[in-house]
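Subject: Structure handover

Hi,

Here's the structure I promised to pass on. Have a look at it first, and my notes on what turned up are below.

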Amino acid sequence: MNPQATQAFVDEMWMDSIVPELVEYIKIPCKSPHFDPDWEANGYIEDAVQQIAAWCGQQDIAGLELEIVRLPGRTPVIFMEIPAQGPSNTGANTGTNTEDTILLYGHLDKQPEMTGWVEGLGPWIPVMRDGKLYGRGGADDGYAAYGSLTAIMAVQREQRPHARCVVIIEACEESGSYDLPHYIDHLQERIGTPSLVVCLDSGAGNYDQLWLTVSLRGMAAGTLRADVLREGVHSGYASGVVPSSFRVLRQLISRLEDENTGRMLPDYLYDDIPEQRLEQTRKMAEALGDSVYQAYPFCDGVHPMADDNVERLLNRTWRPSLSITGVDGLPPLESAGNVLRPHTALKLSFRLPPTVDGEQASRRLKQTLEADPPGNANVSFEADQSASGWNAPAVAAWLHDSLDKASLSAYGQGVMYMGEGGTIPFMAMLGDAFPEAQFMITGVLGPNSNAHGPNEFIHVPFARKLTTCVANVIADHAHRS
């Protein structure tokens with residue numbers, strides 16, 4: 001690939017076509033079904049599907065076929081097929097479709113609004129500042145369809161051979177991808193057996209080089225609730241006699257978490273960390289230094305957890321953790337009277353090591369939380385999301401060489417490998433279904449990009465170079481040995 005010509009083409013596509021598309025996409029409040037149960041009636045997911053599909057269908061890609069696939073009662077999927085171009089290594093596939101295949105994946109559904117956006121910004125308000133496009137979903141990962149097709153176009157413009165490509169853009173990822181297995185079964189023959197999977201839904205340790213994700217944590221989430229009264233009672237009359245529902249939950253959470261350190265307590269939430277991942281984490285800590293924690297918007301004086309950056313990275317990528325992401329039963333401060341409340345409910349979000357089974361962990365968490373409740377309160381833990389993590393197979397020599405060469409060409413520095421603290425359920429599904437596949441899991445969620453939170457942005461200059469790296473890997477894949 002001609003690096004200058006390829007980057008020039010990609011840059012032109014991003015600035016003239018992709019950025020304007022992302023501006024319009026950010027305006028669409030296409031929240032994932034978990035956060036918008038009436039998604040079908042509201043129509044925002046359909047709006048995003050139509051916008052992205054319309055752009056994709058207009059691109060100059062030889063043999064492109066596009067279909068919006070719909071299963072009853074499920075979010076739609078954009079499914080695209082691009083035939084192989086020129087002679088390429090056919091690999092060793094055994095699926096129904098035996099033609100060598102690259103699978104490219106992304107999603108278009110979004111997390112909810114979240115509070116705390118700075119003045120002038122908002123989840124559905126696209127704003128470009130200093131090369132960063134702010135707004136919900138651009139980086140996570142509305143750009144994936146645009147970036148994937150642009151990379152394929154770049155390869156074709158250079159008249160380089162490439163394998164057959166399949167692009168899948170789902171609309172349920174932020175809800176745990178519970179619709180996606182049904183589509184994978186439905187489309188199995190058309191997908192075939194990928195020898196390379198490219199996913200653009202992950203992160204980056206900095207904006208100075210290509211980052212390959214080699215592990216993802218799993219998750220288990222649900223609502224923990226304690227009821228002590230049928231209705232609220234004057235606190236002067238009830239306190240000291242009626243147990244506090246808040247204290248009941250506090251005691252239950254102490255079964256799971258050391259409140260002094262944040263360390264999770266049950267052994268079933270842990271697994272051994274592979275030595276290769278430990279070594280990659282050490283290299284990542286050396287490369288990033290104190291930016292490992294300085295990238296976070298700490299309040300003045302707040303200290304990060306753990307004593308060194310290696311431990312902080314391992315905490316974020318290979319160890320379990322608990323976040324309380326929502327609360328019910330507590331009135332706003334301005335309307336909080338002297339009442340002992342009848343119930344308290346907390347939304348618990350657990351991150352799990354990549355090799356811990358998400359569904360099994362969810363079942364055991366329920367047992368731990370509901371057993372022998374304090375004060376015999378009415379306690380329930382209702383799980384609503386669970387997903388296993390993912391640990392990558394060994395990176396093939398050809399893929400490492402391709403990634404390193406692409407990163408050096410685009411950024412001036414070699415590729416870096418990292419574990420990621422988030423969850424992409426589709427990767428675990430694909431890892432189980434296609435154990436011989438190689439994976440290029442990468443993305444644009446670098447420092448301060450704040451996916452799911454306020455002031456989320458996509459770093460456009462970084463994304464342009466990342467797109468070129470994907471193009472180079474697609475081209476090199478055709479000649480792998």
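A quick definition before anything else: a nonpolar core here is a set of buried Ala, Val, Leu, Ile, Met, Phe, Trp, Tyr and Cys residues joined through side-chain atoms within 4.5 Å. Also, keep in mind that this is a predicted model.

With that in hand, the cores. The largest one has 112 residues, and Trp14, Leu108, Met427 and Ile458 have the most contacts inside it. Helix α4 (residues 138-157) supplies the largest share of this core, 11 residues. If you want one residue to zoom in on, try Met427: setting aside neighbours within four places in sequence, methionine 427 is in contact with Tyr105, Val197, Cys199, Leu216, Trp390, Phe439 and Ile441. There is also a second, separate core of 23 residues, with Val248, Ile253, Leu365 and Phe381 among them.

Now the sheets. One is an open sheet of 6 strands with mixed pairing, in the order β1-β2-β6-β3-β7-β17. Its edges are β1 (65-69) and β17 (438-441); each has a single partner strand, so one side of each has no neighbour in the sheet. On average, neighbouring strands here are turned by 15 degrees against each other, direction ignored. Within this sheet, β3 (residues 101-107) and β6 (residues 164-170) run parallel and are joined by 7 bridges; for instance, glycine 106 has isoleucine 169 in β6 as its bridge partner. Helix α4 turns up again here, lying across β2 (77-82), β3 and β6 and running at about 150 degrees to β3.

The other sheet to look at is open too, with 4 strands in the order β11-β13-β9-β14 and antiparallel pairing. β11 (321-328) and β14 (378-387) are the edge strands, each pairing on one side only. The twist from one strand to the next averages 20 degrees. β11 pairs with β13 (residues 343-352) over 7 bridges, in the antiparallel sense, and serine 321 has arginine 351 in β13 as its bridge partner. Helix α12 (residues 358-370) lies across β9 (218-227), β13 and β14, at about 170 degrees to β14.

One more helix: α15 (residues 460-477) has 18 residues and spans 26 Å from its first C-alpha to its last, close to the 26 Å expected at 1.5 Å a residue. α15 is mostly covered, with 15 of its 18 residues buried.

On to charges. How many salt bridges does the structure hold? There are 19 salt bridges. These caught my eye:

- Aspartate 11 and arginine 464 meet through their side chains at 3.0 Å, N to O. This pair links distant parts of the chain, 453 residues apart: aspartate 11 is in helix α1 (residues 3-26) and arginine 464 in helix α15.
- Lysine 366 bridges to glutamate 370, with the closest N and O atoms 2.8 Å apart. Both lie in helix α12, 4 residues apart, or about one turn of the helix. Lysine 366 counts as partly exposed at 29% relative accessibility, and glutamate 370 does at 27%.
- Glu67, Glu81, Arg164 and Arg190 are joined into one network by salt bridges that share partners.
- Arginine 319 and glutamate 311 meet at 2.8 Å, N to O. Arginine 319 is partly exposed because its relative accessibility is 22%, and glutamate 311 is partly exposed at 29%.

Cheers

Technical notes: Residues numbered from 1 in each chain as written. Predicted model: local features only at pLDDT ≥ 70, side-chain atom pairs only at ≥ 80, totals over all residues. Heavy atoms only, no water. Pairing = 2+ DSSP bridges. Helix = DSSP H or I, 4+ residues; strand = E, 2+ residues; numbered from the N terminus. Axes fitted to C-alpha atoms, helices over the stretch in contact; angles between N-to-C directions. Contact = heavy atoms within 4.5 Å. Buried < 20%, exposed > 50% of the residue type's maximum accessible area, 1.4 Å probe, protein only. Expected span 1.5 Å × (residues − 1). Salt bridge = Lys/Arg side-chain N within 4 Å of Asp/Glu carboxyl O.
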